[in-house]
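Here is a short tour of one protein chain and its ligand, written for someone who would rather look at the structure than wade through tables. Keep the viewer open while you read.

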Amino acid sequence: MCGIAGVFESEGASGLVASILFAIQHRGQESCGAAARDAAGRIVAHKGMGLVKQVLDEEVQARLSGTTAIGHVRYPTAGCSDEVNAQPHAIELAEGPVMAIASNGDLINYGELRARLEREGVVFKSDNDAELIGRLIALYHVRDGLTIEQAIARVQGELKGAFSTVLMYKDRLYAFRDPHGFRPFVMGHLGPEGDGEPASEGTVFASECCGFGIIGARRLREVKPGEILRLEKGRPVVSVSHAPLQPRHCVFELIYFSRPDSTIFGESVYQTRERIGACMAAKDGTLPNGDDLVVLPVPDSSNFIALGYARAKKAEFGMGLLRNHYVGRTFIKPTQASRDEGVKQKFNPLPDFFPGRRVVLIDDSIVRGTSLRKLVRMVRAAGAREIHVRIGSPKVIGRCFYGIDTPTREELIANRMSETEICDYLGADSLRWLEVDDFEGLLPGRRQDFCTACFDMDYIYPPEGFAAKTNAPVART
Ligand code: SF4
């Protein structure tokens with residue numbers, strides 16, 4: 001999971017990009033960067049390991065002068081945890097340092113395309129997808145004489161997988177998205193409202209529209225699946241082409257990854273989570289209500305699911321677990337050791353809250369189960385009489401190949417244990433998940449537009465080397 005940002009023709013573009021990235025920091029905390037075009041027309045990038053506030057400080061923003069900039073926050077899903085894989089990637093062409101690219105998503109035909117490019121003599125500096133997309137575009141532009149947007153269109157048709165991408169080329173900015181629209185990608189505008197597509201000046205892009213409020217921009221619309229947008233000074237935004245396929249928006253973005261104040265894939269994130277909670281409560285009629293029952297989220301990603309559950313059940317909603325906000329998301333820490341340490345540091349029970357109470361503990365998902373087990377123990381030790389765990393997503397049984405770092409099938413607890421065994425392992429009194437079929441009612445008339453492959457193994461196309469039943473991992477060079 002990563003996040004991207006772009007600003008076209010606005011004063012202090014790199015500062016605006018840094019602000020957007022700060023608002024979408026939840027999408028990646030390992031590294032970040034920005035690229036801007038200076039007065040001489042050179043595109044310069046600055047990247048580093050760490051958070052936006054550390055890497056893109058005021059001194060860096062001052063150096064990245066210019067009115068157009070792009071940026072990226074990274075959580076590694078493919079490729080090693082190293083600064084070489086931070087984005088954006090500046091790509092030198094024969095014309096000079098005139099191109100930079102940042103992308104969110106994973107490609108399933110990365111290995112095949114990289115091998116093809118290396119046979120052509122292309123040298124890579126990293127092992128992530130954005131550089132591959134950029135080098136493929138550069139090759140078709142330089143070798144085959146295509147314009148940049150012709151090259152983007154050809155590449156868009158060759159890539160398989162997820163990519164929401166911003167690309168600077170000379171004084172232009174392009175935004176394009178994979179034909180299935182796996183990852184969210186929105187366009188906004190700084191400045192007065194107008195009819196139709198906005199003037200290119202002041203147009204902004206982000207993975208999520210929660211990045212717009214912080215800079216005073218308003219959300220216009222999504223970059224459509226399969227669309228290529230061109231931004232040129234003095235002209236309106238042009239939709240160069242639009243070749244969509246059946247949408248496969250990532251349903252996990254709605255459940256967990258995206259911020260509740262974002263609207264993605266045409267759905268409000270917090271309202272979707274409230275509906276999930278209400279759906280689970282409606283199926284939980286055998287759990288008796290009462291003054292001693294309290295519904296508790298694992299903060300923060302489960303807050304709205306728990307709120308929806310509590311409202312529907314007419315039960316008390318309580319914030320019995322306090323979260324230390326100076327500890328990042330445990331899921332997006334790269335190693336199990338760092339995740340374990342994160343859980344211990346991250347949560348603390350309210351004193352005198354739990355003794356004698358029956359607790360419905362709501363979490364958004366169970367992946368390995370190790371973090372939730374620690375939380376259940378914590379709540380039990382704090383005095384809870386009963387703990388009923390409710391999970392706001394179906395069982396995770398498959399890997400994600402489209403930009404989310406889920407572990408191998410063997411590591412997923414739902415593949416290793418029965419429901420009873422998982423409940424015992426967690427130390428809970430009862431355990432229930434959302435069901436895959438529940439998405440029909442939660443996304444009325446739109447179920448087919450969403451990817452649920454990690455819950456039902458219905459991959460729209462399998463990745464390289466994929467063995468249908470074993471979900472074998474893809475080897476990366
Ligand atoms: S496999 Fe799961 S995490 Fe990956 S895109 Fe599909 S729903 Fe999202």
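## A walk through the model

First, a word on confidence: the chain has a mean pLDDT of 92, and 92% of its residues reach 70 or more. Keep in mind that this is a predicted model. One stretch to treat with care is residues 468–477, where the pLDDT is below 50. Beyond near neighbours in sequence, that stretch has 25 contacts in the model.

**Around the ligand.** Which residues surround the ligand? They are Arg183, Cys250, Val251, Phe252, Cys400, Tyr402, Ile404, Cys451, Thr452, Ala453 and Cys454. Helices α8 (251–257) and α16 (453–456) are the elements that give two or more residues to this shell. Sorted by class, the shell has 9 nonpolar residues, 1 polar and 1 charged. Just past this part of the chain, in the segment after α16, sits Met457, which will come up again below.

**A covered strand.** Now look at β4, residues 69–74. Is it buried or exposed? Buried: that goes for 6 of its 6 residues. Both faces are covered, with Ala69, Gly71 and Val73 on one side and Ile70, His72 and Arg74 on the other. Strand β4 also has partners. It runs antiparallel to β1 (residues 2–8), joined by 6 bridges, and it pairs in the antiparallel sense with β2 (residues 31–37), again over 6 bridges. Val73 is a handy landmark here: its bridge partner in β1 is Gly3, while Cys32 of β2 stands opposite Val73 too.

**The parallel sheet.** Further along the chain there is an open sheet of 5 strands, paired in parallel in the order β18-β17-β21-β22-β23. Its edges are β18 (316–317) and β23 (430–433), each of which pairs on one side only. At the β23 end, 4 bridges tie that strand to β22 (residues 386–391), and one pair to look for is Val389 with Leu431. Helix α12 (residues 370–381) packs on this sheet and touches β17, β21 and β22, with its direction at about 150° to that of β22. Helix α10 (residues 303–313) lies across β17 (293–297), β18, β21 (358–363) and β22, and runs at about 160° to β17.

**Met319.** This residue is in the loop between β18 and β19 (321–323). Its relative accessibility is 35%, so it counts as partly exposed. Leaving aside neighbours within four places in sequence, Met319 is in contact with Leu296, Pro297, Pro299, Asn303 and Leu350. Its C-alpha atom is 8.4 Å from that of Val295, a residue 24 places away along the chain.

**Backbone oddities.** Most residues other than glycine have a negative phi, and most peptide bonds are trans. A few spots here go the other way:

| Spot | Feature | Angle |
|---|---|---|
| Gln87 to Pro88 | cis peptide bond | omega near 5° |
| Pro299 to Asp300 | cis peptide bond | omega about 0° |
| Lys314 | positive phi | phi near 55° |
| Met457 | positive phi | phi about 65° |

Where are they? Pro88 is in the loop between β4 and β5 (89–93), and Asp300 is in the loop between β17 and α10. Lys314 is found in the loop between α10 and β18. With a relative accessible area of 72%, Lys314 is exposed. Pro299, on one side of a cis bond, is also among the contacts of Met319.

Definitions and conventions:
Residues numbered from 1 in each chain as written. Predicted model: local features only at pLDDT ≥ 70, side-chain atom pairs only at ≥ 80, totals over all residues. Heavy atoms only, no water. Near = heavy atom within 4 Å. Nonpolar A, V, L, I, M, F, W, Y, C, P; charged D, E, K, R; others polar. Buried < 20%, exposed > 50% of the residue type's maximum accessible area, 1.4 Å probe, protein only. Pairing = 2+ DSSP bridges. Contact = heavy atoms within 4.5 Å. Axes fitted to C-alpha atoms, helices over the stretch in contact; angles between N-to-C directions. pLDDT = per-residue confidence, 0-100.
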